[in-house]
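Colleague: Please show me the model, and then we can go through a few questions about it.

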Amino acid sequence: QVQLVESGGGLVQAGGSLRLSCAASGLTFSNYAMGWFRQAPGKEREFVAVISRGGSSRNYADSSKGRFTIFRDNAENTVFLQMNSLKPEDTAVYYCAADQTLVGRSTPSAYDYWGQGTQVTVSS
């Protein structure tokens with residue numbers, strides 16, 4: 001019933017930019033903090049960024065700071081991840097997730113709902 005659908009992934013060259021989107025349905029979007037995570041083959045899922053319910057607070061992984069920006073449009077039930085200065089090490093499947101809390105958390109186990117992911121590949 002609840003669906004999170006990511007889009008915007010693709011193949012880009014190192015140094016390029018990409019904007020990911022996550023469209024939510026079946027839930028009251030404004031009741032959830034929204035997070036972005038990523039997972040590369042053979043690695044654990046790792047935190048990328050999170051934004052609070054109202055969009056006023058954000059937290060980023062160290063690897064994301066200065067390059068990535070998370071923002072949301074509650075009227076459209078959508079959260080975005082703007083990725084700039086991409087590196088090959090950013091290559092992964094990127095997931096959005098919904099956490100029924102005010103500011104959101106950085107641990108995957110805290111999240112109630114997950115999307116299917118979108119592939120981001122950064123070539124050198």
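Modeller: A term to start with: a polar contact is a pair of N or O atoms within 3.5 Å; within protein, one must be able to donate a hydrogen and the other to accept it, and residues adjacent in sequence count only if both atoms are side-chain atoms. This is a predicted model, where local features need pLDDT of at least 70, side-chain atom pairs count only at pLDDT 80 or more, and totals for chains, interfaces and linings use all residues. Residues are numbered from 1 along each chain as its sequence is written, and side-chain values use heavy atoms, with hydrogens and water left out.

Colleague: Which residue has its backbone oxygen 3.1 Å from a polar atom of the side chain of R72?

Modeller: The side chain of R72 also reaches the backbone oxygen of R53, at 3.4 Å. At 3.1 Å, the backbone oxygen belongs to F29.

Colleague: What is the nearest side chain of opposite charge to the buried R72, and how far away is it?

Modeller: Lys and Arg count as positive and Asp and Glu as negative; His and the chain ends are not counted. A salt bridge needs a side-chain nitrogen of Lys or Arg within 4 Å of a carboxyl oxygen of Asp or Glu. R72 is buried (under 20% relative accessible area, 1.4 Å probe, protein chains only). R72 has no salt bridge, and the nearest side chain of opposite charge is D73, 8.2 Å away.

Colleague: Which residue forms a disulfide with C22?

Modeller: A disulfide is a pair of cysteine sulfur atoms within 2.5 Å, and a search of the whole structure finds one. Its sulfur atoms are 1.9 Å apart, and the partner of C22 is C96.

Terms used: Buried < 20%, exposed > 50% of the residue type's maximum accessible area, 1.4 Å probe, protein only.
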